[in-house]
Each structure stands twice: as structure tokens, then as C-alpha cells.
Amino acid sequence: MASLGHIARESSDVTRLAQFYKEVFGFEEIESPDFGDLKVIWLNLPGAFAMHIIQRNTSTNLPEGPFSATTSAVRDPSHLPMGHHICFSVSNFDSFLRSLKEKGIETFQKSLPDGKVKQVFFFDPDGNGLEVASRSES
């Protein structure tokens with residue numbers, strides 16, 4: 001049986017990106033190894049998984065992804081449902097949605113066709129696509 005260990009995100013500003021995930025989702029900063037000149041921040045979402053925020057190294061020529069919202073003229077969260085994104089689920093969707101609006105984060109909302117799961121899509125500060133879904137009432 002497999003489980004999610006961690007997700008890694010590159011960033012030109014690891015501190016800013018880590019702060020976003022701590023404030024929006026409640027990640028906690030955990031001890032990370034010393035990689036010398038490479039700045040890395042490890043985060044943990046208790047009971048879920050870890051996220052490694054890694055200083056972007058332009059010399060590796062790794063692609064940011066097939067579509068990068070930060071370099072596109074259109075940074076529209078309505079494009080995310082069928083694009084690259086990570087999804088989190090929350091038990092109090094309406095409260096979470098209010099907190100995004102209070103932070104001034106532009107969102108796109110929809111529901112699954114059966115209407116049982118509400119979804120909100122938005123970008124993190126580096127243009128990575130995110131979805132938050134209400135936990136289904138199954």
C-alpha cells in the first residue's frame with residue numbers, strides 16, 4: 001500500500017512560499033537537513049504529508065510545468081480544474097473560503113456534477129495551482 005510522503009516545490013523565494021502554506025493550510029515548519037548553499041524549508045501538515053520548499057536552481061533547466069501561471073499573461077484560476085494542481089480537502093469549506101477572501105486571494109468556485117463536493121481553485125504566490133474541496137458527505 002502506498003501513501004503520499006511529500007510534495008516538493010521549487011521557489012525563488014522559499015521563505016515567502018513557506019509562509020503562504022503555513023498561513024493558508026496550517027503547515028508547520030520542521031527540521032530540514034543542511035544542504036549547504038541550497039536553501040530548503042521542510043513543512044509538515046500533521047496527519048497528512050510533508051512539503052519541501054526548495055530554492056530554485058535555474059542551472060538545472062528543470063521545467064516548472066507544462067503551464068506556468070507566473071509567466072503567463074492570464075493568471076486565471078478558472079483554468080485550474082483541468083490543469084496541474086494539488087488538492088486539499090477541508091471539513092469547514094465555507095470558513096476556509098472566507099479566509100481566502102480575507103487574504104485577497106483570487107478564486108474560482110465550482111462543484112462536482114452531483115453537487116456533493118464544493119471546490120475552490122486558486123494559485124499560490126509562485127503560480128502553482130491549488131484546489132480545496134469540501135469533504136464529501138458519503
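**Exercise 1. Sort the lining of the second largest pocket in this predicted model into nonpolar, polar and charged residues, and work out where the pocket lies.**

*Step 1: list the residues.* The lining consists of Val24, Phe25, Leu45, Ala48, Phe49, Cys87, Phe88, Ser89, Val90, Phe96 and Arg135.

*Step 2: sort them.* Nine of these residues are nonpolar, one is polar and one is charged. For this count, Cys goes with the nonpolar residues and Arg with the charged ones.

*Step 3: trace them to elements.* Two elements, α1 (14-25) and β5 (86-90), each give two or more residues to the lining of this pocket. Strand β5 supplies the largest share, with four residues.

*Step 4: place the pocket.* Domain 1 (6-55) and domain 2 (77-134) both contribute residues to the lining, so the second largest pocket lies between them. Its volume is about 180 Å³.

**Exercise 2. Decide whether Val132 is buried or exposed, and find what it touches.**

*Step 1: locate it.* Val132 belongs to strand β8, which covers residues 129-134.

*Step 2: apply the cut-off.* A residue counts as buried under 20% relative accessible area. Val132 has 0% relative accessibility, so it is buried.

*Step 3: collect the contacts.* Setting aside neighbours within four places in sequence, Val132 is in contact with Phe25, Phe88, Val90, Phe93, Phe96, Lys118, Gln119, Val120 and Phe122.

*Step 4: link back to Exercise 1.* Among these contacts of Val132 are Phe25, Phe88, Val90 and Phe96, and these four also appear in the lining of the second largest pocket.

*Step 5: check a distance.* Leu97 is 35 residues from Val132 along the chain, and their C-alpha atoms are separated by 8.9 Å.

**Exercise 3. Set Ile53 beside Ser12: which is buried and which is exposed?**

*Step 1: find the elements.* Ile53 sits in strand β4 (residues 49-55), while Ser12 is in the loop between β1 (6-11) and α1.

*Step 2: read the accessibility.* With a relative accessible area of 0%, Ile53 is buried. Ser12 reaches 69%, so it counts as exposed; the cut-off for exposed is over 50%.

*Step 3: list the contacts.* Not counting residues up to four places away in sequence, Ile53 touches Arg9, Ser11, Val14, Leu17, Ala18, Lys39, Val40, Ile41 and Leu43. With neighbours within four places likewise left aside, Ser12 is in contact with Arg56 and Asp126.

*Step 4: add distances.* From C-alpha to C-alpha, Ile53 and Ile41 are 5.1 Å apart in space and twelve residues apart in sequence. Ser12 and Arg56 are 5.2 Å apart by C-alpha atoms, with their positions 44 residues apart in sequence.

**Exercise 4. Describe the whole protein: its elements, its buried share and its exposed surface.**

*Step 1: count the elements.* There are two helices and eight strands.

*Step 2: put them in order.* Starting at the N terminus, they run β-α-β-β-β-β-α-β-β-β.

*Step 3: look inside.* Of the 138 residues in the protein, 36% are buried.

*Step 4: look at sequence separation.* Take the contacts between residues at least 6 apart in sequence: 56% of them join residues at least 24 apart.

*Step 5: finish with the surface.* The protein exposes about 8,500 Å², and carbon and sulfur atoms supply 49% of that area.

How values were computed. Residues numbered from 1 in each chain as written. Predicted model: local features only at pLDDT ≥ 70, side-chain atom pairs only at ≥ 80, totals over all residues. Heavy atoms only, no water. 1 Å grid on protein atoms, 1.4 Å probe; cavity = no way out; pocket = protein on both sides within 12 Å on 5 of 7 lines; lining within 4 Å. Points joined across faces, edges and corners; volume = space filled by probe spheres on them. Domains from an automatic or database assignment. Buried < 20%, exposed > 50% of the residue type's maximum accessible area, 1.4 Å probe, protein only. Contact = heavy atoms within 4.5 Å. Areas by Shrake-Rupley, 256 points an atom, 1.4 Å probe, with all protein chains shown as cover.
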